[in-house]
Amino acid sequence: MGEHGYDVVIIGGGVAGLTASIYLAGKGFRTALVSRGDPACCLSTGCIDVLGAHEDPMKGIDRLPRNHPYRIAGRRTVIDALEAFLGLMEERGLPYRGSLGRNTGILTPIGTTKTTCLVPITMEASSGFTTTHIHVVSFKGLRDFYPSYITSRLANTSVSVFDAGTSSTLGLATKFDEPSFVDDFCAWLSGLELPPGKIAVPAVLGLKDPKAVLQRIRASTGREIFEIPTLPPSVPGIRLFRALKDAFLARGGHLYWGNAVASVETRSGQVEAITMAGPCRPSRAHARAFILATGSFVGGGLFAQRGSVRETVFDLDVKVPGPRRDWFLNDFFSPGHPVEASGIEVDSSFRPLGCGLKNLFACGSILAHGEIMRHRCGHGLAIATGSAAARACERLLS
Ligand SMILES: Cc1cc2nc3c(=O)[nH]c(=O)nc-3n(C[C@H](O)[C@H](O)[C@H](O)COP(=O)(O)OP(=O)(O)OC[C@H]3O[C@@H](n4cnc5c(N)ncnc54)[C@H](O)[C@@H]3O)c2cc1C
């Protein structure tokens, strides 16, 4: 079995685990990130929902219950974490736009409005989409994107279809990574007789440098252009994930991707080591501190059994909202599904309550009382608590 030693090991490579990893690796700690697979972020729009249920997300934090993870982190930490995220994305060439004090509305693929806080630069021009003409460009054969949903809801829209020779969002994004393809697309667009207004495309403007593709199309057509998020797999979600992963590696972090934590060793109130099982031979990593960021039910950090919910790595106590009959709502799509409040309760240093493990921290959607769908705070909560747990861990390591 391979043996490795670190200052800190983060378990789970979603937005929360990556945020914590980037912070600690950036501070010079020997940092390893272990993740079984791709995170929920790859399914998301790539937009950062901070508190979609309130017009002003920062003011809304103070109205949340005291046990909500944002309240535990504190408003100042949430702001610092999101500002650090904006700086990081600028550094990685994937800039985000928006204001922490005001939510914005962007166009969805079914012609409705998604309320969110920070958007990739490729979606910036979406805001105010109801007040100008929008020409939607789709791609021949593209599955899971039907402009008729948009045109039937919004009178100020029209549609054209480009034949790119491929019909998946990832295939199209790969094509947009080629400058010659972008040139062909721009030449086609310039030949269309479009009414004045903006151009909208499904979110496929490349995986590598969407900002450059956007600028190229803008320069060639003289028009504002924006991306509309699509169904999973989501190109903007994958871009966000890759940007965070690359930022971690650029800070000298060690990545164990495709590795699940198979067992843990604890002694005298401390986690000593984890054993990883993956495609290669098993290996053991010991560290001075550990951060649990394995997500909720989607990520695999929580697992619902008959009558209880289990935390899958350390078998920590899980807070569940009453007996199993109370976990359900008759309307599946209602926000605020009670089981959403399940998770790990933490102290003010993001240490799980009741386990007595002094060098273990937790962050992200595995935390209790987050209620991500109800408050619409997915990535925002992952960034804020990833940062808060990393700072608490830094205090321990220093
Ligand atoms: C379809 C969908 C769309 C969404 N859209 C948005 C959106 O537009 N905006 C927004 O803000 N939020 C959105 N969200 C919510 C948001 O994606 C999540 O709240 C957030 O990304 C959670 O991050 P996380 O790091 O806590 O967990 P996760 O992303 O779930 O990451 C957990 C990671 O831990 C790993 N893991 C689990 N168990 C182990 C183990 N034993 N060993 C090693 N690794 C393990 C998993 O493989 C995974 O990589 C969406 C969620 C979904 C499902």
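**A tour from helix H1 outward**

Helices H1 and H11 cross in a right-handed manner (right-handed means that the near helix is turned clockwise from the far one by less than a right angle, left-handed that it is turned anticlockwise). This is a predicted model, in which local features need pLDDT of at least 70 and side-chain atom pairs count only at pLDDT 80 or more, while totals for chains, interfaces and linings use all residues. Residue numbers start from 1 along each chain as its sequence is written.

**Stop 1: H1 and H11**

Select 15-26 for H1 and 378-397 for H11. Helices (H or I, at least four residues) and strands (E, at least two) are DSSP runs, numbered from the N terminus. The axes of H1 and H11 come within 7 Å, crossing at roughly 40 degrees. Axes here are lines fitted to C-alpha atoms, for helices over the stretch in contact, with angles from 0 to 180 degrees between N-to-C directions.

Now show side chains. From H1, the residues in the contact include Val15, Ala20 and Leu24, and from H11 they include His379, Ile383 and Glu394 (contact means C-beta atoms, placed from the backbone, within 7 Å). By class, this contact has ten nonpolar, six polar and one charged residues. Ala, Val, Leu, Ile, Met, Phe, Trp, Tyr, Cys and Pro count as nonpolar, Asp, Glu, Lys and Arg as charged, and the others, Gly among them, as polar.

**Stop 2: H1 and H9**

Keep H1 and add H9, residues 235-250. Their axes lie 9 Å apart, at an angle of about 25 degrees. H1 and H9 are therefore roughly parallel (roughly parallel is under 35 degrees, roughly antiparallel over 145, roughly perpendicular 65 to 115, and the rest oblique). The crossing of H1 with H9 is left-handed. On H1, look for Val15, Leu18, Ser21, Ile22 and Ala25; they meet Leu244, Lys245, Ala247 and Phe248 of H9. This contact is made of seven nonpolar, one polar and one charged residues.

**Stop 3: the ligand**

Which residues are closest to the ligand? Select Gly14, Gly295, Gly299, Gly364 and Gly378, the closest of the 38 that surround the ligand (a residue is near if its C-beta atom, placed from the backbone, lies within 6 Å). H1, strand S2 (31-35), strand S12 (260-267) and H11 each give two or more residues to this shell. The shell holds 18 nonpolar, 18 polar and two charged residues.

**Stop 4: the two domains**

Colour 2-95 and 238-397 as domain 1, and 109-228 as domain 2 (bounds from an automatic or database domain assignment). Their C-alpha centres are 33 Å apart. Domain 1 brings 16 residues to the contact and domain 2 brings 13. On the domain 1 side, eight are nonpolar, five polar and three charged.

Key:
Contact = placed C-beta atoms within 7 Å.
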